[in-house]
Amino acid sequence: MKFDILTLFPKMFVSPLEESILARAIEKGLIQIRTINLRDFAWDKHHVVDDTPYGGGQGMVMKVEPIARAIEWIKSQDPVAWTVYLTPQGKPLNQEILQQLSLRSHLILLCGRYEGVDERVRDLYVDEEISIGDYVLTGGELAAMVVIDAVSRLLPGVLGSDRSAKEDSFFNSLLEYPQYTRPSEFRGVSVPEVLLSGNHEAISRWRRKEALRRTALRRPDLLSKANLSEEEKKLLGEIFQENQVKEGRDGV
Ligand code: 4FV
């Protein structure tokens, strides 16, 4: 997978890509990352990349020409490159969108700054707009980094075993079950017996149930989207039963 990042701050991508899983994926040639400084495509004497908004108003807008030249230059090398603009106005990013992006061979990630890009960039070059959340960043670079990280770990060979991506939260749109490791007892808090039992049937049942309990408690919106098996529906019934009893006991 090739990632071309269009940014005014290419150095922001240096250290995150020198660590851990992403660094190894680059070494193994599973991903290629190229940062492209938009200022290099501003051919006027002062390499101007932004200007005041037509119609007045606060802030600056990123000019269309440097972005157009950069994307046309990349597309002249690889016409199938898919251009993603990171913006609060984009589709809310989720695991499903990431899985779709991970099937592509070449992503161009356009990082906005200031008030964003001239609208004609959208009209003429952008294939998909993505938001990493309903909040405002100083720039799209961190959002692009999120996409690079979350897409790369879905690529075969990037994670230790591809199995683990399949057990992700959200992979089946449930939150993950509680995790424990040594010591089996800490400050009087013990690890649930079932996890020490070696009874894998009981362990996976417990994990399923706790994933359902946590999702029901924290993200009921996800539960409604999850296509639960009969077994899971039964577990959910048990959870609600247990809550009834608990509430009954606590008289709330
Ligand atoms: C953003 C987001 C984001 C908006 C103004 C950059 C900033 C500045 N990008 N998801 N949320 N971008 O806040 O993707 O141009």
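**Group meeting: salt bridges, a ligand and two odd spots**

Okay, let's start with a count: this structure has 17 salt bridges. Before I go on, remember that we're looking at a predicted model.

Let me pick out one of those bridges. The side chains of Lys 91 and Glu 128 come together, nitrogen to oxygen, at 2.8 Å. What does this pair link? Distant parts of the chain. Lys 91 belongs to strand S5 and Glu 128 to strand S7, and the two residues are 37 apart. Hang on to those two strand names, please, as they're about to come back.

Now, the ligand. Where does it sit? In the second largest pocket. Around the ligand you'll find 17 residues, and the closest are Tyr 114, Ile 132, Gly 133, Tyr 135 and Leu 137. Here are our strands again: S5, which runs 82-92, and S7, which runs 128-131, each put at least two residues into that shell. Which one gives the most? That's S5, with three residues.

And what kind of residues are we talking about? The shell splits into nine nonpolar, seven polar and one charged.

Let's zoom in on some atoms. For Tyr 114, a backbone N or O atom is 2.9 Å from one of the ligand's oxygen atoms. Ile 132 also uses a backbone N or O atom, this time 3.0 Å from a ligand nitrogen. Then there's Tyr 135, where a backbone N or O atom lies 2.9 Å from a nitrogen of the ligand. So how much of the ligand gets covered up? On its own the ligand exposes 370 Å², and the protein buries 93% of that.

Right, last part: two backbone details to look for on your screen. Go to the loop between helix H6 (162-166) and strand S8 (185-186), and you'll find Pro 183. The peptide bond leading from Arg 182 into Pro 183 is cis, and its omega is near 5°.

Then scroll back to the loop between strand S2 (32-37) and strand S3 (50-51), where His 47 is. What's the sign of its phi, positive or negative? For His 47 it's positive, about 45°, although this residue isn't a glycine.

That's my tour, thanks for listening!

Key:
Residues are numbered from 1 along each chain as its sequence is written. This is a predicted model: local features need pLDDT of at least 70, side-chain atom pairs count only at pLDDT 80 or more; totals for chains, interfaces and linings use all residues. Side-chain values use heavy atoms; hydrogens and water are left out. A residue is near a molecule or strand if one of its heavy atoms lies within 4 Å of it. A polar contact is a pair of N or O atoms within 3.5 Å; within protein, one must be able to donate a hydrogen and the other to accept it, and residues adjacent in sequence count only if both atoms are side-chain atoms. Accessible areas come from the Shrake-Rupley method with a 1.4 Å probe; for residues, only the protein chains shown count as cover. On a 1 Å grid over the protein atoms alone, a cavity is a set of points where a 1.4 Å probe fits but cannot get out, and a pocket is an open set with protein on both sides within 12 Å along at least five of seven lines; lining residues have an atom within 4 Å of a point. A molecule sits in a cavity or pocket if more than half of its atoms lie within 2 Å of its grid points. Helices (H or I, at least four residues) and strands (E, at least two) are DSSP runs, numbered from the N terminus. Ala, Val, Leu, Ile, Met, Phe, Trp, Tyr, Cys and Pro count as nonpolar, Asp, Glu, Lys and Arg as charged, and the others, Gly among them, as polar. A salt bridge is a side-chain nitrogen of Lys or Arg within 4 Å of a carboxyl oxygen of Asp or Glu.
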